[in-house]
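Trainee: I would like to take a close look at a single part of this model and then follow it outwards into its surroundings. Could you walk me through it slowly?

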Amino acid sequence: MILSRRHLTVLLNALYETDKRRVTVEHPCSAVGELLRFDLEGPFDSPVRFTQSLPEYDETREAVEREYGPDAYNDLPDDSAYVRCLVAAGVLDIQNRDDVDRFVRRHGYRDLEAGHPPVVAGIDANIVPWRMGEVLGIDHLTGPTDDAGRSPTNGYALATGVKEELDWHYKQHQTASLVAAFGEEFERLDNQPAGDNREGFLGLYEYRRLMADRNVDRVACETGDEAIVAGYERFDTESRKDVVLFSNDFGFVDLADDAGLPAQHVDFPRSLPRKTTATWDELASLLYYVAVRFGVVRLPGVTIYGVWNGKDGGHWQREELVVESRSPKIEPLLDRDRTIVEAFEG
């Protein structure tokens, strides 16, 4: 069964109804094992517990490399990418939230009726995959408004050089080694993005989503930090809009500062808490990002494929996963609830 990210609460409902209310999220390879678990309790405050700390997860990856070789090691996200999945889902927050909020208050919330120039956000390639508009609170449609009803920004300025840096096309041709390391589920991952390339696909389709759904100015430039910052500098000078930039790269931020462009570094957590809480919507997004980045994850009674044979651009655009039931009780509940949701949306 194919489910989109926004419909994954259907899966959570099915798990809840079949009394699978403590949900473990595991990699199919026993050497990697359980990544985290959550309890399906309140819709706004369900507990989430992390089984492995980041140092322990690093040790796990290294053990996988020693036993199974570089293909298996490279297919697993590093600890930074794992944390970014959690941040993109809303389960964890960025490390420097106060700094980002101050930066946005200082440069955003423009009073256009008073003649202030609009402000648009530029996002560097290293954070585009992780739905930064919502995470940073800068999206002009969903971001928090001020007391006067003004949005934090008035849209995005997206650099063509950033898109080119995300446009990766390497496919997995080492499926046999992954099957030997991780199990038969990985037979379905051939001819699909491998390892870090899945992150590139997330970024590419997030870029396209913003182009399609938001107010966007296109900034023409080449790839590389210097060319991208120079493109933004030209845009800032030639347009009637101000640009603010966000990046996880201190070098990019320094280049922007030198060019006179406001830029904010985005810090991600460097450790995992033992426990946090999340809404059911955040848990659904968590399953989406973890399944895509790890390729395959197992839950009680179901296996979720983030990539699979035949996944195409339409599936990526619609943020879809394959959910394969291992329990005869779960599949009819998924069919029932998906039909209800689709009828309601239709």
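Which residues does F38 touch, not counting residues up to four places away in sequence?

Mentor: Please keep in mind that this is a predicted model. Once residues up to four places away in sequence are set aside, F38 touches L12, R21, R22, V23, V25, P47, V48, L283 and L287. These contacts can be taken in turn, beginning with the core to which the residue belongs. The largest nonpolar core has 110 residues, and F38 is one of the four, with L11, F246 and L299, that touch the most other members. Helix α12, residues 280-294, gives the most to this core, with eleven residues. As a general background, nonpolar side chains in soluble globular proteins tend to be buried together.

L12, one of the contacts of F38, lies in helix α1, residues 9-17, where V10, L11, L12, A14 and L15 are buried. After α1 comes D19, which has a positive phi, near 65°.

F38 itself falls within β3 (34-39), and this strand is included in what covers the buried residues of helix α4, together with β4 (46-50), α2 (54-68), α6 (132-136), α9 and α12. Helix α4, residues 79-89, is largely enclosed by the rest of the structure, because nine of its eleven residues are buried. Those buried residues are A81, Y82, V83, R84, C85, L86, V87, A88 and A89, so the list includes an arginine as well as nonpolar residues.

On the side of L283 and L287, both of which F38 touches, one can step back to T279, which sits in the loop between β10 (275-278) and α12. T279 has a relative accessible area of 18%, and because buried means under 20%, it counts as buried. Apart from its neighbours within four places in sequence, T279 is in contact with P43 and F44.

The other residues named with F38 as touching the most members of the core lead to further parts of the model. F246 helps to line the largest cavity, along with F103, V104, H107, G108, V119, P152, T153 and V244. Two elements, α5 (97-107) and β8 (242-247), each give two or more residues to that lining, and α5 gives the most, with three. The cavity holds about 40 Å³ of space, and a search of the whole structure finds one cavity of 30 Å³ or more. Its lining divides into six nonpolar residues, three polar and no charged.

L299 belongs to strand β11 (residues 296-299), which runs antiparallel to strand β12 (residues 302-305) and is joined to it by four bridges. Within this pair R298 stands opposite T303, and the two strands form a hairpin with two residues between them, where G301 in the turn has a positive phi of about 85°.

Finally, α12 also reaches the largest pocket, since β1 (2-4), α9 (196-213), α12, α13 (313-317) and α14 (330-345) each supply at least two residues of its lining. This pocket has a volume of about 600 Å³, and among its 28 lining residues R6, R209, Q317, R318 and E319 are the closest to its centre. The largest share of the lining, seven residues, comes from α9, and by class the lining has ten nonpolar, five polar and 13 charged residues.

Key:
Residues are numbered from 1 along each chain as its sequence is written. This is a predicted model: local features need pLDDT of at least 70, side-chain atom pairs count only at pLDDT 80 or more; totals for chains, interfaces and linings use all residues. Side-chain values use heavy atoms; hydrogens and water are left out. A nonpolar core is a set of buried Ala, Val, Leu, Ile, Met, Phe, Trp, Tyr and Cys residues joined through side-chain atoms within 4.5 Å. Buried means under 20% relative accessible area, exposed over 50%, partly exposed in between (1.4 Å probe, protein chains only). Contact means heavy atoms within 4.5 Å. On a 1 Å grid over the protein atoms alone, a cavity is a set of points where a 1.4 Å probe fits but cannot get out, and a pocket is an open set with protein on both sides within 12 Å along at least five of seven lines; lining residues have an atom within 4 Å of a point. Grid points are joined across faces, edges and corners, and a volume is the space filled by probe spheres set on the points. Ala, Val, Leu, Ile, Met, Phe, Trp, Tyr, Cys and Pro count as nonpolar, Asp, Glu, Lys and Arg as charged, and the others, Gly among them, as polar. Two strands pair if DSSP finds at least two bridges between them.
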